[in-house]
Amino acid sequence: MNEKKFTPGPWATHFVGHGESSYADILQASDTNVVIATCGPVDEELANSNLIAAAPDLHDALEEAIQVIGAIGGPAYSEEQRATVCRQAVAALAKARGEM
């Protein structure tokens, strides 16, 4: 697939504070913890931080899904490979919804 031009994942959401003074940093989950973005304090903005943090996972899961779906009818992927792709997509969407 195409070369990634964004900060590599995984990204994570780090919530700070409570109430009206709260915010969320979206970090590259590595030793350096590079801040990708800051959202808050509005509830919708805090929810947006989960979606932003899930972006690299969603990108990777969808790239893999496209490859697997494209192979249907061609050289077949195993049931295990299709199940793995589904699990990745489900996990990426759960992260985007803030469920992980």
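## Strand pairing at the start of the sheet

β1 and strand β2 (residues 23–28) pair in the antiparallel sense, and six bridges hold the register between them. This is a predicted model. Two of the bridge pairs can be traced by residue. Trp-11 has Gln-28 of β2 as its bridge partner. Val-16 is bridged to Tyr-23, also in β2.

β2 also pairs with β3. These two strands run antiparallel and are joined by four bridges. One pairing to look for is Ile-26, whose bridge partner in β3 is Ala-37.

## The sheet as a whole

The three strands make an open sheet, ordered β1-β2-β3, with antiparallel pairing. Its edge strands are β1 (11–16) and β3 (35–39), each of which pairs on one side only. Neighbouring strands are turned by 20° against each other on average, with direction ignored. In general, strands of a sheet pair through backbone hydrogen bonds, in either a parallel or an antiparallel manner.

How covered is β2? Mostly: five of its six residues are buried.

## Overall layout

The protein chain has two helices and three strands. Along the sequence they follow the pattern β-β-β-α-α. The chain has 100 residues, and 25% of them count as buried.

About 6700 Å² of the protein chain is exposed, and carbon and sulfur atoms supply 57% of that area. Contacts also reach along the sequence. Among those between residues at least 6 apart, 41% join residues at least 24 apart.

## The helices and their core

Which residues make up the largest nonpolar core? There are five: Ala-54, Leu-58, Ala-61, Ala-92 and Ala-96. The elements giving two or more residues to this core are α1 (43–71) and α2. α1 provides the largest share, three residues. As a general rule, nonpolar side chains in soluble globular proteins tend to be buried together.

Ala-92 shows how this core is connected. Leaving aside neighbours within four places in sequence, Ala-92 is in contact with Ala-54, Asp-57, Leu-58 and Ala-61.

## Two helix positions: Asn-50 and Val-90

Asn-50 lies in helix α1. Is this residue buried or exposed? Asn-50 has a relative accessible area of 16%. The cut-off for buried is under 20%, so Asn-50 counts as buried. Its contacts, leaving aside neighbours within four places in sequence, are Thr-13, Phe-15, Lys-95, Ala-96, Arg-97 and Gly-98. Of these partners, Ala-96 is also a member of the largest nonpolar core. Thr-13 and Phe-15 fall within the range of β1, 11–16.

Val-90 sits in helix α2 (residues 79–96). Is Val-90 buried or exposed? Its relative accessible area is 56%. Exposed means over 50%, so Val-90 counts as exposed. The C-alpha atoms of Val-90 and Ala-61 are separated by 8.8 Å, although the two residues are 29 apart along the chain. Ala-61 itself belongs to the largest nonpolar core.

Key:
Residues numbered from 1 in each chain as written. Predicted model: local features only at pLDDT ≥ 70, side-chain atom pairs only at ≥ 80, totals over all residues. Heavy atoms only, no water. Buried < 20%, exposed > 50% of the residue type's maximum accessible area, 1.4 Å probe, protein only. Contact = heavy atoms within 4.5 Å. Areas by Shrake-Rupley, 256 points an atom, 1.4 Å probe, with all protein chains shown as cover. Pairing = 2+ DSSP bridges. Axes fitted to C-alpha atoms, helices over the stretch in contact; angles between N-to-C directions. Core = buried A, V, L, I, M, F, W, Y, C linked by side-chain atoms within 4.5 Å.
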